[in-house]
Amino acid sequence: MSEDTKIWGYGDICGDENTGEGGQGGTQCTEAELEAAAKKGVSAEVVISNGIATTIRDDH
């Protein structure tokens, strides 16, 4: 991850599952919210470019 990594939640990392209907919307999450979700267990899609995660989003 880097400072530019975008973290999007659709109810699992943060936010509300209704914000992600149809692949639209989502809530931008903090690194702390991602860390808390990861400790509980979360499925996510990670986009990596040049070895750095550029986008992380709920695999919802």
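Ile7 stands opposite Ile56 of strand S4. This is a predicted model, and its four strands form an open, mixed sheet in the order S2-S1-S4-S3. Ile7 and Ile56 also belong to the largest nonpolar core, which has eight residues.

**Sheet**

- Strand S1, residues 6-9, pairs with S4 in the parallel sense over three bridges.
- The edges of the sheet are held by S2 (27-28) and S3; each has a single partner strand, so one side of each is left without a neighbour in the sheet.

**Nonpolar core**

- Alongside Ile7 and Ile56, the largest nonpolar core contains Ile13, Cys14, Cys29, Leu34, Ala37 and Ala53.
- At least two residues of this core come from helix H1 (31-40), and at least two from strand S4 (52-58).
- Among the core residues, Ile13 touches Ile7, Cys29, Leu34, Ala37 and Ile56, leaving aside residues up to four places away in sequence.
- On the same basis, the contacts of Ile13 also include Trp8, Glu33, Val42, Arg57 and Asp58.

**Glu45 in strand S3**

- Glu45 lies in strand S3, which spans residues 44-49.
- Glu45 has a relative accessible area of 37% and is therefore partly exposed, since that class lies between the 20% limit for buried and the 50% limit for exposed.
- Apart from neighbours within four places in sequence, Glu45 is in contact with Thr55, Ile56, Arg57, Asp58 and Asp59.
- Ile56, Arg57 and Asp58 are contacts of Glu45 and are likewise touched by Ile13.
- Glu45 and Glu31 are 14 residues apart along the chain, and their C-alpha atoms are separated by 15 Å.

Note on methods. Residues are numbered from 1 along each chain as its sequence is written. This is a predicted model: local features need pLDDT of at least 70, side-chain atom pairs count only at pLDDT 80 or more; totals for chains, interfaces and linings use all residues. Side-chain values use heavy atoms; hydrogens and water are left out. A nonpolar core is a set of buried Ala, Val, Leu, Ile, Met, Phe, Trp, Tyr and Cys residues joined through side-chain atoms within 4.5 Å. Buried means under 20% relative accessible area, exposed over 50%, partly exposed in between (1.4 Å probe, protein chains only). Contact means heavy atoms within 4.5 Å. Two strands pair if DSSP finds at least two bridges between them.
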